[in-house]
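Let's take a walk through a protein together. Have the sequence and the picture ready, and look for each residue as we come to it.

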Amino acid sequence: MTQTCVTAEQLQAAVAAWRQAGDSVSFVPTMGALHDGHIALVKEAQRHARRTVVSIFVNPTQFGPNEDYTRYPRQLEQDRALLAAAGCDALFAPEVATVYPPGFATSIDPGPLARQLEGVFRPGHFAGVATVVARLFGLVRPDYACFGEKDYQQLQIIRQTVRDLALPVQIIGVPTVRAADGLALSSRNAYLSATERTQALVLSATLRRIAAEAPGQPDCRVLLTAGEQAIAAAGFAIDYLALCDATTLTPVTAIDAPARVLVAAKIGKTRLIDNMAVLPTAS
């Protein structure tokens, strides 16, 4: 049975009882509108700890003024049923005032890693992400926390934040879950029309092609240019298509270490992101 906690006191009482019993705790922070990708995070969390907490909190500080905070899908009862079926121990569904109580004034600046790629197009976004994740870690006090590789830059920033602030939690990255046709699962996919959903397949197809062809290429910029053309031809407005070092996210033109190819593009009113690993050719 999944226990629902709305206040910090309810959550901390539940975690304290588990700790007293000697149980370890895993944590999966989400914004709700759960899908199979989120459930994969829950299942991974359960492999690492005896108890699992999932939070559902649509964090206002990571949305820009013209983004979709007010219309972001909210379906708490459906999400609660999915978590119960997955065997989650506790759902933490706080109000904004619980996460950001009166007088809350701290913000984490994740530094240069947060000012490229997504940071160029969503200024302040990762400060909101790092701050809310650190705040949630302080409330839950987990041993482990699971994040999806679909939000790869976010994952790297959270790893950096935990390392820099010496937070006592182990971060676990979980591979992107995709639909059978290759589209990365996302809560924002619900915004897509049937036609846009079909057009969106160009994103994963382009990433897959670059990931396959980049190793061994002396200069991968021609692959990125061809990829941009394919994505634009499918009706997308591209924010970026980039090939980057897998750790630092600095741009690379040849693959001599693990890399990532990342994309962000908008079709209609929906902005989608995706990425894939690119590995050097074995010598």
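What follows is a tour of a predicted model, from its nonpolar cores to a few residues and then to its empty spaces.

**The cores**

Start on the inside. The largest nonpolar core has 42 residues. Within this core, Leu11, Val53, Phe137, Phe147 and Ile171 have the most contacts. Helices and strands from many parts of the chain feed into the core: α1 (8-20), β2 (25-30), β4 (90-92), α6 (125-140), β5 (144-148), α7 (152-164), β7 (237-245) and β8 (259-267) each give two or more residues. Which element gives the most? That would be α6, with 8 residues.

Now pick out Phe137. Not counting residues up to four places away in sequence, Phe137 touches Phe27, Pro142, Ala145, Phe147, Val162, Leu167, Val169 and Ile171. There is also a second, separate core of 26 residues, and Leu223, Ile231, Ala259 and Met276 are among them.

**Phe147 and a partner in helix α2**

Phe147 sits in strand β5. Is Phe147 buried or exposed? Its relative accessible area is 4%, so Phe147 is buried, the limit for that word being under 20%. Its list of touching residues, again leaving out those up to four places away in sequence, includes Pro29, Leu41, Val133, Phe137, Ile171 and Val174.

Folding also brings together parts of the chain that are far apart in sequence numbering. Take Thr30: 117 residues separate Thr30 and Phe147 in sequence, yet their C-alpha atoms are 9.0 Å apart. Ala40, in helix α2 (residues 36-48), makes another such pair with Phe147: 107 residues along the chain, and 10.0 Å between the C-alpha atoms. Beyond its neighbours within four places in sequence, Ala40 is in contact with Val174 and Val177.

**Two residues in one loop**

Next, find the loop between β6 (170-174) and α8 (194-199), where Ser187 is located. Ser187 counts as buried because its relative accessibility is 9%. Its side chain reaches the backbone oxygen of Gly32 at 3.4 Å. Setting aside neighbours within four places in sequence, the contacts of Ser187 are Gly32, Ala33, His35, His38, Tyr72 and Pro73.

Arg188 lies in the loop between β6 and α8 too. Which residue shares a side-chain polar contact with Arg188? It's Asp68, at 2.9 Å. Asp68 also shows up among the contacts of Arg188 outside its neighbours within four places in sequence, along with Phe63, Tyr72, Arg122, Thr270 and Arg271.

**Two positive phi angles**

Most residues other than glycine have a negative phi. Ala33 and Arg141 are two residues to look at with that in mind. Phi of Ala33 is near 50°, a positive value, and phi of Arg141 is near 55°, positive as well. Ala33 lies in the loop between β2 and α2, while Arg141 is in the loop between α6 and β5. Their surroundings contrast: Ala33 counts as buried because its relative accessibility is 7%, whereas Arg141 is exposed because its relative accessible area is 59%.

**The empty spaces**

Rolling a probe the size of a water molecule over the atoms shows where empty space is left. How many cavities of 30 Å³ or more does a search of the whole structure find? The search finds 1. The largest cavity is lined by Lys150, Leu183, Ala184, Ser186, Asn189, Leu203, Leu272, Ile273 and Asp274. Strand β9 (residues 270-278) gives the most to this lining, with 3 residues.

There are pockets to look at as well. The second largest pocket has 16 lining residues, and those nearest its centre are Ile56, Phe57, Val58, Arg74 and Pro94. Here are the two spaces side by side.

| Space | Volume | Lining by class |
|---|---|---|
| Largest cavity | about 60 Å³ | 5 nonpolar, 2 polar and 2 charged residues |
| Second largest pocket | about 270 Å³ | 11 nonpolar, 2 polar and 3 charged residues |

To finish, go back to Phe147 in the picture: it is buried, and it is one of the residues with the most contacts inside the largest nonpolar core.

Key. Residues numbered from 1 in each chain as written. Predicted model: local features only at pLDDT ≥ 70, side-chain atom pairs only at ≥ 80, totals over all residues. Heavy atoms only, no water. 1 Å grid on protein atoms, 1.4 Å probe; cavity = no way out; pocket = protein on both sides within 12 Å on 5 of 7 lines; lining within 4 Å. Points joined across faces, edges and corners; volume = space filled by probe spheres on them. Nonpolar A, V, L, I, M, F, W, Y, C, P; charged D, E, K, R; others polar. Helix = DSSP H or I, 4+ residues; strand = E, 2+ residues; numbered from the N terminus. Buried < 20%, exposed > 50% of the residue type's maximum accessible area, 1.4 Å probe, protein only. Polar contact = N/O pair within 3.5 Å; in protein donor to acceptor, adjacent residues only side chain to side chain. Contact = heavy atoms within 4.5 Å. Core = buried A, V, L, I, M, F, W, Y, C linked by side-chain atoms within 4.5 Å.
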